[in-house]
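Got your viewer open? Load the model and get ready to click through it one stop at a time.

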Amino acid sequence: MLRRFKQYFQRVTKNRSQRRQKIMTIDNHVVQVGPTGYYVSRALITDVPEMLAIERAVYAGKTPWDENAFKTELRRQSGRFYIVMRHEDRLCAFCGCAFDDRRQDAHITNIAVHPDFQNQGLGRYMMTTMIERAGYLNYRTVTLEVRASNVNAQRLYTSLGFEKTGVKKRYYFGDHEDALDMTYHLPVTAAND
């Protein structure tokens, strides 16, 4: 009896692991966002220089993360999922998420869209992708921090169903701007499927 239980438990654990691995990958493909097609793939170490360039363009020359921070995240073997979007071989957007099984929370670590490609639906597409992945994993929440001054991003997150849940005073390095905590609660039916 104990041996059967161990075999059953090993099968269930293996199936969960395989399912999670599948959810945490993305097939390279083209998606239509508005009138434009974008190539979507998992972020690679070789994408880091372009990711940093996007951050410099978005944050007026300052990058919240440095090269080592991105490389460390991309090297993690589990619990991280980063995607990039390209148009005509130009990296135009990226998004990263940390998946925490213990808390059943997917935390958006960063998201950036180059100014030349903003207001075209790329941020919404990437956020929806991360929310869907969290739902597939039966998570309860998706969380993020956003600059208090970034009203455009706040508007996007609110339109997706995120709620403001707190403030982190002097959160950002350098200028010490406050961050707003925002949380998306996955529907109970999706979290319990």
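Here is a short tour, from the whole chain down to a few charged side chains.

**Stop 1: the whole chain.** Keep in mind that what you are looking at is a predicted model. Switch to the cartoon view and colour by secondary structure: the chain has six helices and eight strands. If you trace the chain from the N terminus, the elements come in the order α-β-β-α-α-β-β-β-α-β-α-β-β-α.

**Stop 2: the surface.** Now turn on the surface display. The accessible surface of the chain is about 11,600 Å², and carbon and sulfur atoms account for 50% of that. Of the 193 residues in the chain, 43% are buried. Contacts tell you something about the fold too: taking those between residues at least 6 apart in sequence, 58% join residues at least 24 apart.

**Stop 3: Arg86 and Asp47.** Hide the surface and go hunting for charged pairs; the structure holds 11 salt bridges. Select Arg86 and Asp47 and show their side chains, which form a salt bridge with an N to O distance of 2.8 Å. Which parts of the chain does this pair tie together? Arg86 belongs to strand S3 (residues 80-87), while Asp47 is in the loop between strand S2 (36-42) and helix H2 (48-58), so the salt bridge connects parts that are 39 residues apart in sequence. Are these two residues buried or exposed? Both Arg86 and Asp47 are buried.

**Stop 4: add Glu50.** Keep Arg86 selected and add Glu50. Their side chains also meet in a salt bridge, again 2.8 Å from N to O. This pair, too, links distant parts of the chain, with Arg86 in strand S3 and Glu50 in helix H2, 36 residues apart. Arg86 has a relative accessible area of 16%, so it counts as buried, the cut-off being under 20%. Glu50 has a relative accessible area of 30% and is partly exposed. Show Asp47, Glu50 and Arg86 together and you have a network of salt bridges.

**Stop 5: helix H3.** For the last stop, select Glu67 and Lys71. Their side chains form a salt bridge at 2.7 Å, N to O. How many residues apart are Glu67 and Lys71 in helix H3? They are four apart in this helix (residues 67-75), so about one helical turn separates them. Glu67 is partly exposed, with a relative accessible area of 37%.

Technical notes. Residues numbered from 1 in each chain as written. Predicted model: local features only at pLDDT ≥ 70, side-chain atom pairs only at ≥ 80, totals over all residues. Heavy atoms only, no water. Salt bridge = Lys/Arg side-chain N within 4 Å of Asp/Glu carboxyl O. Helix = DSSP H or I, 4+ residues; strand = E, 2+ residues; numbered from the N terminus. Buried < 20%, exposed > 50% of the residue type's maximum accessible area, 1.4 Å probe, protein only. Contact = heavy atoms within 4.5 Å. Areas by Shrake-Rupley, 256 points an atom, 1.4 Å probe, with all protein chains shown as cover.
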